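Open the model in your viewer and keep the sequence panel beside it. This tour goes stop by stop: what to select, then what is there.

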Amino acid sequence: MSEIHIPRKITNQLLHLAQLSPETEVCGLIGSLNGIPNHCYPVDNSADHPENRFLLDPKQQIAAMGQMRENGEELFAIYHSHPTTPAFPSKTDLEMASYPEALNLIISLNTKGVLEMRGFRIAEQKAEEVPLILG
């Protein structure tokens, strides 16, 4: 699978959001124009246990998708952070993935001093890593 370029602005924003909430998983959507990611839409995590799973707040997710349409964007990626585990899909991430066409970006705060972000295509509870170029 070919590598995907994540612009520096989006990369920095995602890493910053993860750092602002080191105890809980942050999540949201990324819209793209002509296949190029260009806007981050943070969405509240409404999971019962946000420290180790994420659930996009339904009303905010619908609002973000509406903003994307208004801006002529398409859904490029769904992102979330892992405060204490590596940037690899959990069993719950695999089970709950419902947009196989979207890239899944996972940001890990697991390594002290180093933020890690990896991308995956998830379909039928299987993840395939997609190489990312950040910045």
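Helices here are DSSP runs of H or I with at least four residues, strands are runs of E with at least two, and both are numbered from the N terminus. Keep in mind that this is a predicted model.

**Stop 1: helix α3**

Select residues 91–96, which form helix α3. Show the side chains of Lys91 and Glu95. They meet in a salt bridge, 2.6 Å from N to O. Both residues sit in α3, four residues apart, or about one turn of the helix. Now turn on the surface. Lys91 is exposed, at 63% relative accessible area. Glu95 is partly exposed, at 38%.

**Stop 2: the Arg118 network**

How many salt bridges does the structure hold? There are three. For the next ones, select Arg118. Its side chain meets that of Glu129 in a salt bridge of 2.6 Å, N to O. This pair links distant parts of the chain: Arg118 belongs to strand β6 (residues 114–123), Glu129 to strand β7 (residues 126–130), and eleven residues separate them.

Add Glu116 to the selection. Its side chain forms a salt bridge with Arg118 too, at 4.0 Å from N to O. Glu116, Arg118 and Glu129 are thus linked in a network of salt bridges.

Is this network buried or exposed? Check each member in turn:

- Arg118 is partly exposed, at 23% relative accessibility.
- Glu116 is partly exposed, at 28%.
- Glu129 is partly exposed, at 37%.

**Stop 3: the turn from β6 to β7**

Stay in this region and select Gln125. This residue lies in the loop between β6 and β7. Look at its backbone. Phi is near 60 degrees, a positive value in a residue other than glycine. Gln125 is partly exposed, with a relative accessible area of 48%.

**Stop 4: the aromatic pair**

Select Phe88 and Phe120. They make up the one aromatic pair of the structure. Their ring centres are 5.3 Å apart and their planes meet at 85 degrees, so the pair is edge-to-face. Phe88 lies in the loop between β4 and α3, while Phe120 is in strand β6, so the pair ties together parts 32 residues apart in sequence. Show the surface again. Phe120 is buried, at 1% relative accessible area. Phe88 is partly exposed, at 47%.

**Stop 5: helix α2**

Select residues 58–70, helix α2. The helix has 13 residues. From first C-alpha to last, α2 reaches 18 Å, close to the 18 Å expected at 1.5 Å a residue.

Begin at its start. A side-chain oxygen of Asp57 reaches to within 3.3 Å of the backbone nitrogen of Lys59. Then move to the other end. Just after α2, Gly72 takes a positive phi of about 70 degrees.

Which residues of α2 are buried? Colour Gln61, Ala64, Met65, Gly66 and Met68. Next, ask what covers them. The cover includes three strands: β2 (27–33), β3 (36–43) and β4 (74–82).

**Stop 6: the loop between β2 and β3**

Two of those strands lead to the next selection. Pick Asn34, in the loop between β2 and β3. Asn34 has a positive phi of about 55 degrees, although it is not a glycine. Asn34 is exposed, at 80% relative accessibility.

**Stop 7: the cysteines**

Select Cys27 and Cys40. How many disulfides does a search of the whole structure find? Zero. Cys27 is in no disulfide, and its nearest cysteine sulfur, that of Cys40, is 10 Å away. Why is there no bond from Cys40? The closest cysteine sulfur, in Cys27, is 10 Å from its own, too far for a bond. The cut-off for a disulfide is 2.5 Å between the sulfur atoms. Both residues are hidden from the surface view: Cys27 is buried at 2% relative accessibility, and Cys40 is buried at 6%.

**Last view**

Finish by showing two selections together. Lys91 and Glu95 are paired within helix α3. Arg118 and Glu129 pair between strands β6 and β7.

How values were computed:
Residues numbered from 1 in each chain as written. Heavy atoms only, no water. Buried < 20%, exposed > 50% of the residue type's maximum accessible area, 1.4 Å probe, protein only. Expected span 1.5 Å × (residues − 1). Contact = heavy atoms within 4.5 Å. Polar contact = N/O pair within 3.5 Å; in protein donor to acceptor, adjacent residues only side chain to side chain. Phe/Tyr/Trp six-rings, centres within 6.5 Å; stacked < 30°, edge-to-face > 60°.
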